[in-house]
Amino acid sequence: QVQPVESGGRLVQTGDSLKLACQLSGRTNYVMGWFRQAPGKERELVASITWNWGTPTYIDSVKGRFAISRDKAKNTVYLQMNSLKPEDTAIYYCASAPAGFLTTKTIHSWGQGTQVTVSS
């Protein structure tokens with residue numbers, strides 16, 4: 001069972017940058033991703049990356065501001081977040097799953113997440 005451990009979240013101001021890290025223990029699967037859940041909203045997939053090829057995908061609202069990357073040797077995935085906005089405020093979670101299964105409906109093991117708060 002893969003147990004993600006997220007870190008790096010904190011309180012920042014609009015326009016600041018943050019880099020989140022997620023370390024997985026055990027076996028990693030084909031795709032890794034960062035999700036976020038804002039108060040009163042559903043958890044959403046923000047960015048994902050294929051483990052072998054490093055191919056990233058992003059939701060429109062973070063394109064050009066966020067960058068996902070992975071370090072195979074450290075079994076770690078990162079999320080570099082630039083030009084942060086108040087609407088980026090959320091708990092950020094990471095997860096891994098086979099391709100096509102990186103969804104909130106198919107992932108049943110979540111870490112504690114890391115809180116990102118962007119003040120205006």
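## Phe 35 and its ring partners

Phe 35 is tucked away: it is buried, with a relative accessible area of just 1%. Keep in mind that we're looking at a predicted model here. A search of the whole structure turns up two aromatic pairs. In one of them, the ring centres of Phe 35 and Trp 110 sit 5.0 Å apart with the planes at 90°, so this pair is edge-to-face. It ties together distant parts of the chain, since Phe 35 belongs to strand β4 while Trp 110 is in the loop between β9 and β10, 75 residues apart.

Trp 110 itself is partly exposed, with a relative accessible area of 22%. Tyr 93 also pairs edge-to-face with Trp 110, at 5.9 Å centre to centre and 75° between the planes. That pair again links distant parts of the chain: Tyr 93 lies in strand β9, and Trp 110 in the loop between β9 and β10, 17 residues apart. Tyr 93 is buried, at 9% relative accessible area. Taken together, ring pairs join Phe 35, Tyr 93 and Trp 110 into a cluster.

## Two nonpolar cores

The largest nonpolar core has 24 residues, and Trp 34, Phe 66, Val 77, Leu 79, Met 81 and Tyr 92 make the most contacts inside it. Plenty of strands chip in: β3 (18-23), β4 (31-37), β5 (44-50), β7 (66-71), β8 (76-81), β9 (90-97) and β10 (114-119) each supply at least two residues of this core.

A second core, separate from that one, has seven residues, among them Phe 35, Tyr 93, Ala 97 and Leu 102.

## The six-stranded sheet

Six strands make up an open sheet with mixed pairing, in the order β2-β10-β9-β4-β5-β6. At the edges stand β2 (11-13) and β6 (56-58), each with a single partner strand, so one side of each has no neighbour in the sheet. Neighbouring strands are turned by 25° against each other on average, ignoring direction.

Zooming in on one pairing, β4 and β5 run antiparallel and are joined by six bridges. One detail to look for is Val 31, whose bridge partner in β5 is Thr 50.

## A closer look at Thr 76

Over in strand β8 there's Thr 76, which is buried, with a relative accessible area of 7%. What does its side chain reach at 2.8 Å? For Thr 76, that's the backbone oxygen of Lys 74.

Leaving aside residues up to four places away in sequence, Thr 76 touches Ala 21, Cys 22, Gln 23, Trp 51, Ser 69, Arg 70 and Asp 71.

Key:
Residues numbered from 1 in each chain as written. Predicted model: local features only at pLDDT ≥ 70, side-chain atom pairs only at ≥ 80, totals over all residues. Heavy atoms only, no water. Core = buried A, V, L, I, M, F, W, Y, C linked by side-chain atoms within 4.5 Å. Buried < 20%, exposed > 50% of the residue type's maximum accessible area, 1.4 Å probe, protein only. Helix = DSSP H or I, 4+ residues; strand = E, 2+ residues; numbered from the N terminus. Pairing = 2+ DSSP bridges. Axes fitted to C-alpha atoms, helices over the stretch in contact; angles between N-to-C directions. Polar contact = N/O pair within 3.5 Å; in protein donor to acceptor, adjacent residues only side chain to side chain. Contact = heavy atoms within 4.5 Å. Phe/Tyr/Trp six-rings, centres within 6.5 Å; stacked < 30°, edge-to-face > 60°.
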